[in-house]
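This report goes through one protein model, from its overall make-up to single side-chain arrangements. Please keep the sequence and the structure in view while reading.

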Amino acid sequence: EDQDEFCHANSLFFAAPQKPGNKKKAGAFVADDDATAADPDLEGHLSSPSKYITSNTWPRSRKGRELKKKAARPYMHSVEIKRLEGDHPLVGQLGLFAAKTFQQFDIVGEYCGQVFDSEGGGHYATYLEDRARKYALGVDAASEGNESRFINHYKGIQDEPNVIFKIAYVEELPRVMVVCTRDIEKGEEFLLSYSDEYVQEYLGI
């Protein structure tokens with residue numbers, strides 16, 4: 001309920017939709033009457049209001065399509081999937097490694113997979129929403145995913161993980177981002193802390 005109030009309050013700082021019957025030209029700003037009455041300074045603040053959007057907008061032109069195509073990345077950059085060798089505890093399996101130096105708080109990429117409800121998920125599943133939320137959604141990269149599905153559990157490899165999963169909302173929907181918790185050198189393996197439930201069920205640690 002508190003979040004709904006915050007969202008409504010924040011929305012007052014953006015251009016409000018035109019009301020039926022308003023004769024102002026299309027796209028003209030129409031202030032929220034209740035908001036400006038409660039805060040006379042608000043209308044002045046919104047003299048040049050911004051339209052509220054949930055994702056970047058690209059120019060609707062050939063040039064815009066070219067820009068979008070040029071900016072697109074079909075694969076995660078600066079990472080490398082490697083077969084684990086030598087004295088690695090998961091020798092013979094795969095891991096994900098840094099192909100450049102990453103800084104603390106850098107976003108490595110998004111953990112992608114198939115979205116499922118509370119009934120589902122397996123070896124490559126993680127929460128897509130706050131796990132404390134009833135019937136929280138999850139995402140499973142078992143049958144489809146990207147490079148991030150090869151990030152291993154840190155125990156037995158390093159003293160602590162160097163990346164974490166953080167949920168962010170993009171285009172109104174939840175996404176799982178892989179975020180660096182410290183600087184990561186080129187050639188270093190990305191490592192997560194899997195949930196206790198996962199570790200007990202699948203790793204037996």
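The sections below take up the overall make-up, the sheets, the ring arrangements and one glutamate.

## Basis and overall make-up

This is a predicted model, in which local features need pLDDT of at least 70 and side-chain atom pairs count only at pLDDT 80 or more, while totals for chains, interfaces and linings use all residues. Residues are numbered from 1 along each chain as its sequence is written, and side-chain values use heavy atoms, with hydrogens and water left out.

The protein holds five helices and 10 strands, where helices (H or I, at least four residues) and strands (E, at least two) are DSSP runs numbered from the N terminus. Of its 205 residues, 28% count as buried; buried here means under 20% relative accessible area, exposed means over 50%, and partly exposed lies in between, with a 1.4 Å probe and protein chains only. Among contacts between residues at least 6 apart in sequence, 58% join residues at least 24 apart, a contact being heavy atoms within 4.5 Å.

## The sheet β4-β6-β5

Strands of a sheet pair through backbone hydrogen bonds, either parallel or antiparallel. In this model, one open sheet of three strands has the order β4-β6-β5 with antiparallel pairing, two strands being counted as paired if DSSP finds at least two bridges between them. The edges are taken by β4 (114–116) and β5 (125–127), each of which has a single partner strand, so one side of each is left without a neighbour in the sheet. Neighbouring strands of this sheet are turned by 30° against each other on average, direction ignored; the axes are lines fitted to C-alpha atoms (for helices over the stretch in contact), and angles run from 0 to 180 degrees between N-to-C directions.

Between β4 and strand β6 (residues 138–140) there are three bridges in the antiparallel sense, and V115 has V139 in β6 as its bridge partner.

## The sheet β3-β9-β8 and the pair β1 and β2

A further open sheet of three strands, again with antiparallel pairing, has the order β3-β9-β8. Its edge strands are β3 (107–111) and β8 (163–170), each pairing on one side only, and the twist averages 35° from one strand to the next. Strand β3 is joined by four bridges to strand β9 (residues 173–180), and the two run antiparallel; within this pairing, Y111 stands opposite V176 in β9.

Strand β1 (residues 79–83) and β2 also run antiparallel, joined by five bridges, with L94 in β2 as the bridge partner of R83. Four of the five residues of strand β2 (residues 94–98) are buried, so this strand is largely enclosed by the rest of the structure.

## Aromatic pairs and charges over rings

Three aromatic pairs occur in the structure; rings of Phe, Tyr and Trp (its six-membered ring) pair if their centres lie within 6.5 Å, and planes under 30 degrees apart count as stacked, over 60 as edge-to-face and the rest as tilted. One of these pairs joins F14 and Y52, whose ring centres are 5.0 Å apart and whose planes stand at 85°, so the pair is edge-to-face. Because F14 lies in the loop between α1 (2–11) and α2 (33–38) and Y52 in the loop between α3 (40–45) and α4 (62–71), the pair ties together parts that are 38 residues apart in sequence. F14 is partly exposed at 26% relative accessible area, whereas Y52 is exposed at 54%. Another pair, formed by Y111 and F165, is tilted, with 5.0 Å centre to centre and 50° between the planes; it links strand β3 with strand β8, 54 residues apart. Y111 is buried at 6% relative accessibility, while F165 is partly exposed at 27%.

Charged side chains also sit over rings, which requires NZ of Lys or CZ of Arg within 6 Å of the ring centre and within 35 degrees of the ring normal. The charged end of K82 sits over the ring of F97, 5.0 Å from its centre, and that of R149 over the ring of F150, 5.1 Å from its centre.

## The surroundings of E129

E129 lies in the loop between β5 and β6 and, at 9% relative accessibility, counts as buried. Its side chain makes a polar contact with the side chain of R133 at 2.8 Å; a polar contact is a pair of N or O atoms within 3.5 Å, where within protein one must be able to donate a hydrogen and the other to accept it, and residues adjacent in sequence count only if both atoms are side-chain atoms. A polar atom of the E129 side chain also lies 2.8 Å from the backbone nitrogen of L137.

Leaving aside neighbours within four places in sequence, E129 is in contact with Y135, A136, L137, I167, Y169 and P174.
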